[in-house]
Amino acid sequence: MMMPLCLVTDRCRLSPDARTPRDQVLALAVWLEEAVTAGVDLVCIRERDVSARLLGELLRAVRSCAQGSRTRVVASDRVDVAVAEGVDGVHLRGDGPPVARARSLGPSGWLVGRSVHGMGEARLHADADYLFFGSVFPSGPKPGRGLAALQTVVAVSSAPVLAVGGITAERARQCLAAGASGVAAIGLFLPPGRTARALGITAAAQALRAAIDHASRGHLQ
């Protein structure tokens, strides 16, 4: 299944003034309703440090909202909670368990994605349904690995590669031209003013979708 447009969550950046983790999670659940409406293909809930109970409540709410839509929902790392709440899959860190192990714990058709940082990891985890590669561009304290590195990972990967890290609409075009199957972003989706590049979910989805459509037309020519 093609998942060219992915939103990765960060509740602390979304609600820096929230008083409790529960307040952050509640705000995140409401915010993600817009992601479903905007037609984001994949929502990666990257909130692995909250309690299993809170994460379960969040996954349940987002799964219910996304039911019947194009949006798939995966949880980062927490295979146990993802299975219990019936979301679409799990996203594994580079140092997480083997893909096959995570897949064996979920139902048939469960998505298992993974973060990789180079060619060796891309080859090793070829059985994933998709790979995140990054940070392609500088993102916070993380230096950018660059488009050339992205191209090398795409060249050796049998799984779709989504570029992540410092993504903007223009950079998305560059990543797609380098062979990425899609892009994943955090900061671009945040409410306007939260970061220098933040556009809000709907505007960010429209801008990235336009970049994806442009790249698709280019491949057909």
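Trainee: Which residue follows α3, and what is the sign of its phi?
Mentor: Gly68 follows α3, and its phi is positive, near 85 degrees. The model is predicted, so local features need pLDDT of at least 70 and side-chain atom pairs pLDDT 80 or more, while totals for chains, interfaces and linings use all residues. Residues are numbered from 1 along each chain as its sequence is written, and side-chain values use heavy atoms, without hydrogens and water.

Trainee: Why does the span of helix α3 agree with what is expected?
Mentor: Helices (H or I, at least four residues) and strands (E, at least two) are DSSP runs numbered from the N terminus. The expected span is 1.5 Å times one less than the number of residues. The 15 residues of α3, residues 52-66, should therefore span 21 Å, and the end C-alpha atoms are 21 Å apart, which agrees.

Trainee: Which residues of α3 are buried, and against what do they pack?
Mentor: They are Leu54, Leu55, Gly56, Leu58, Leu59, Val62 and Ala66. These buried residues pack against α2 (21-37), β2 (42-45), β3 (72-76) and α4 (79-85).

Trainee: Why is Leu162 called buried?
Mentor: Buried means under 20% relative accessible area, exposed over 50%, and partly exposed in between (1.4 Å probe, protein chains only). Leu162 has 2% relative accessibility, so Leu162 counts as buried.

Trainee: Where is Leu162 found, and with which residues is Leu162 in contact?
Mentor: Leu162 is found in strand β7, residues 161-164. Leaving aside neighbours within four places in sequence, Leu162 is in contact (heavy atoms within 4.5 Å) with Met3, Cys6, Tyr130, Leu131, Phe132, Phe133, Gly182 and Val183.
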